[in-house]
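Colleague: I should like to go through the chain shown below one point at a time. Please give the reasoning before each answer.

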Amino acid sequence: MRCPDRPALAFYNHCCSRISSHACSFRSARQTLPQTSSSLAASGTKIILNNPQATSVKTPKLTGKQGIRSFSTTQKTKMPLPIKSYLTSQLFTKLPVPTEQFTSQTIIVTGSNTGIGLEAARYFVDLGAGKVILAVRDVAKGQAALESIRKSTACPEGVVEVWELDLLSYDSVLGFARRAVDELARIDVLVANAGVYFTRFSTVELLSSGPGTGAESRGVVTGHGDEATIVVNVISHMLLALMLLPKMRETAVETGKNGVITFTGSFTHYMTDFEERRAATERDGSIFEELADEKKAKMGERYYVSKLIQLLIIREFAHQLRISESSDATGSKKGRIITSAVNPGFVATDILRNRGYLSQLGVVVLRKVMARTAEEGARTVVHGAVGGEETHGEYLDDCRVGTVSPFVASEEGQQVQKQLWKELVDKLEIIHPGILSNI
Ligand SMILES: NC(=O)c1ccc[n+]([C@@H]2O[C@H](COP(=O)([O-])OP(=O)(O)OC[C@H]3O[C@@H](n4cnc5c(N)ncnc54)[C@H](OP(=O)(O)O)[C@@H]3O)[C@@H](O)[C@H]2O)c1
C-alpha cells in the first residue's frame with residue numbers, strides 16, 4: 001500500500017536532517033556554515049557522496065556556462081543540497097524587493113490564484129504592468145485573487161484579468177494559447193509558475209479527440225498517457241511556451257525589449273536519484289514512458305524528478321533559442337526571448353497540500369522556522385521576469401544566477417538533457433503538429 005505521506009515526509013526529513021545537524025538553533029547554524037563537507041560528515045551529518053566529485057562541487061558555482069564535469073552512469077544523481085548556501089539562503093539572505101518597472105507590459109502568470117504566483121502578479125501590477133493575466137484552473141479562485149490584488153494596489157479596472165487554464169488538459173493549454181495570441185495586443189512575459197506535488201499516480205492522455213490537436217487528422221492513437229506531475233510541471237508549460245513564442249517575439253521586435261519566459265523551478269532538483277533516466281542511457285527506451293509506468297513509479301521522488309527534468313529542458317530550450325536566433329535567415333525569429341528557471345526557496349504555501357496528518361505537524365514547524373513568505377518567494381520570480389541577459393538558460397537562486405546540481409552540470413546530465421528534449425518535442429509535435437517550427 002502506498003503511503004501518501006512519503007513525499008512530504010521525504011521533504012520534511014530532508015530539511016529536518018539538515019536543520020537538526022546544523023542548526024539546533026540559529027546561532028549554532030551560523031557557526032556551522034563555514035564547515036567543509038568532510039567536517040560535516042565527521043560531525044555526523046548524513047552526506048551522500050556517490051559522486052567522488054561531490055566534495056569539490058559543493059561550493060563552486062556550476063552553471064550552464066561553467067563547464068561540464070564527468071559523471072559516470074553508474075553514479076547516482078541524488079546529491080545533498082549545498083548545505084551552507086541552502087541554510088544561508090533560507091535563514092539569512094534578504095532578498096531584494098523588486099523595483100524594476102514593467103511599464104505597459106503584458107504578463108501572463110500561471111497558477112496565480114494563490115501562493116507565489118498570486119504575490120508575483122501583485123508585484124507586476126504594482127510595478128506598472130499594463131495587463132496581468134491570472135491563468136488559473138478555477139476561475140472563482142482567480143476572481144478572488146483579482147479582488148485581492150485590486151484592493152492592495154488600487155489598480156484600474158481591466159489591468160488584471162482572469163483566464164481559465166487547466167494544465168492537466170492539453171486542449172485547455174492550446175485554447176488558452178490561441179486566445180492569448182488572438183486577444184492580447186502584446187505578450188512580454190510568461191511566468192510558468194503553476195506546480196503540483198502529487199503523491200498518487202495518475203496519467204493524462206497525450207491525445208484528446210478535440211479539434212486542432214492533430215489527433216484525428218493524423219489518425220494517431222497512442223493510448224498512452226503521461227504522469228500528471230510531469231504533465232503540469234513540465235509538458236503543459238513547455239507546450240504553452242512554444243505556442244506563445246512567435247507572438248512574444250513579435251512583441252520583442254515592436255518594443256525593442258527582450259521577451260521573457262521564466263519557469264518556477266526548485267532546489268529539490270538536487271534531491272533525486274532520477275533512476276528513470278536509465279531508461280534511455282541503459283535500456284534504449286523512453287524516459288517519459290518510464291515515468292508513465294505505474295508499476296515503476298516512485299511517487300515519493302516524483303516532484304523532485306519533475307523539477308530536475310524541467311531544469312534540463314529549460315537549459316536545452318535556451319540552447320535551441322540561441323541556435324534559431326543566430327541562424328535566422330528569414331528574419332521571422334527576430335525578437336530575443338530570455339528563459340530561466342527560478343528557485344523561490346522553501347516558501348510557506350500550500351504546495352505540500354497532499355501530505356497526510358502525520359507529516360503535517362512537522363511541516364508546520366519547519367515552515368515557522370525557515371520558510372519564506374509567498375511575498376518573499378515572489379521576489380525571486382519577479383527577478384526572473386526582468387530577464388537580464390545573464391539569466392538566459394540559467395537556474396536562478398536568491399535573485400542571481402545559482403548553482404545547478406552536479407548531475408545537471410555533468411556530461412551525463414547534458415546527454416539526458418538532449419534526450420529529454422527530443423522526447424518532449426516528439427510529444428509536442430503530436431499534440432500540436434508543426435509546433436517545433438515556432439522555435
Ligand atoms: N512553496 C515552495 O516551497 C516551493 C519551493 C520550490 C518551488 N516551488 C514552486 O513554486 C510554484 C508555485 O507553487 P506555490 O508554492 O505557490 O504552491 P501553491 O500555493 O500550491 O500554488 C500552486 C498553483 O498552481 C496551480 N495549479 C495546480 N495545478 C494546476 C493545473 N492543473 N492547472 C493550472 N494551475 C494549476 C494551483 O491552482 P489551485 O489553487 O487551483 O490548485 C496554484 O495556483 C510551483 O511550481 C512550485 O513547484 C514552490
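Colleague: Which residue in S8 is the bridge partner of Phe-263?

Modeller: Strands are DSSP runs of E with at least two residues, helices are runs of H or I with at least four, and both are numbered from the N terminus. Strands S7 (residues 259-264) and S8 (residues 337-343) pair (at least two DSSP bridges between them) in the parallel sense over 6 bridges. Within this pairing, Phe-263 is matched in S8 by Ala-341.

Colleague: What pLDDT must side-chain atom pairs have to count?

Modeller: Residue numbers start from 1 along each chain as its sequence is written. The model is predicted: totals for chains, interfaces and linings use all residues, local features need pLDDT of at least 70, and side-chain atom pairs count only at pLDDT 80 or more.

Colleague: What is the bridge partner of Val-191 in S7?

Modeller: Strand S4 (residues 189-192) also pairs with S7 in the parallel sense, over 4 bridges. Here Val-191 is joined to Thr-262.

Colleague: How many residues of S7 are buried?

Modeller: A residue is buried if 20 or more other C-beta atoms lie within 10 Å of its own, exposed if 12 or fewer, and partly exposed in between, with C-beta atoms placed from the backbone. One face of S7 has Gly-259, Ile-261 and Phe-263, the other has Val-260, Thr-262 and Thr-264, and both faces are covered. The strand is therefore largely enclosed by the rest of the structure, the buried count being 6 of the 6.

Colleague: Which strands stand at the edges of the sheet?

Modeller: The open sheet has 8 strands with mixed pairing, in the order S3-S2-S1-S4-S7-S8-S9-S10. Each edge strand has a single partner, so one side of each is left without a neighbour in the sheet; these strands are S3 (160-164) and S10 (400-401).

Colleague: What angle does the direction of H10 make with that of S7?

Modeller: Helix H10 packs on the sheet, where it touches S4, S7 and S8 (contact: C-beta atoms, placed from the backbone, within 7 Å). Axes are lines fitted to C-alpha atoms, for helices over the stretch in contact, and angles run from 0 to 180 degrees between N-to-C directions. For H10 and S7 the angle is about 160°.

Colleague: Which helix gives the most to the largest nonpolar core?

Modeller: This core (buried Ala, Val, Leu, Ile, Met, Phe, Trp, Tyr and Cys residues joined through C-beta atoms within 7 Å) has 108 residues, and Val-191, Leu-239 and Leu-244 are among those touching the most other members. With 16 residues, the helix that gives the most is H10 (residues 228-255).

Note on methods
Contact = placed C-beta atoms within 7 Å.
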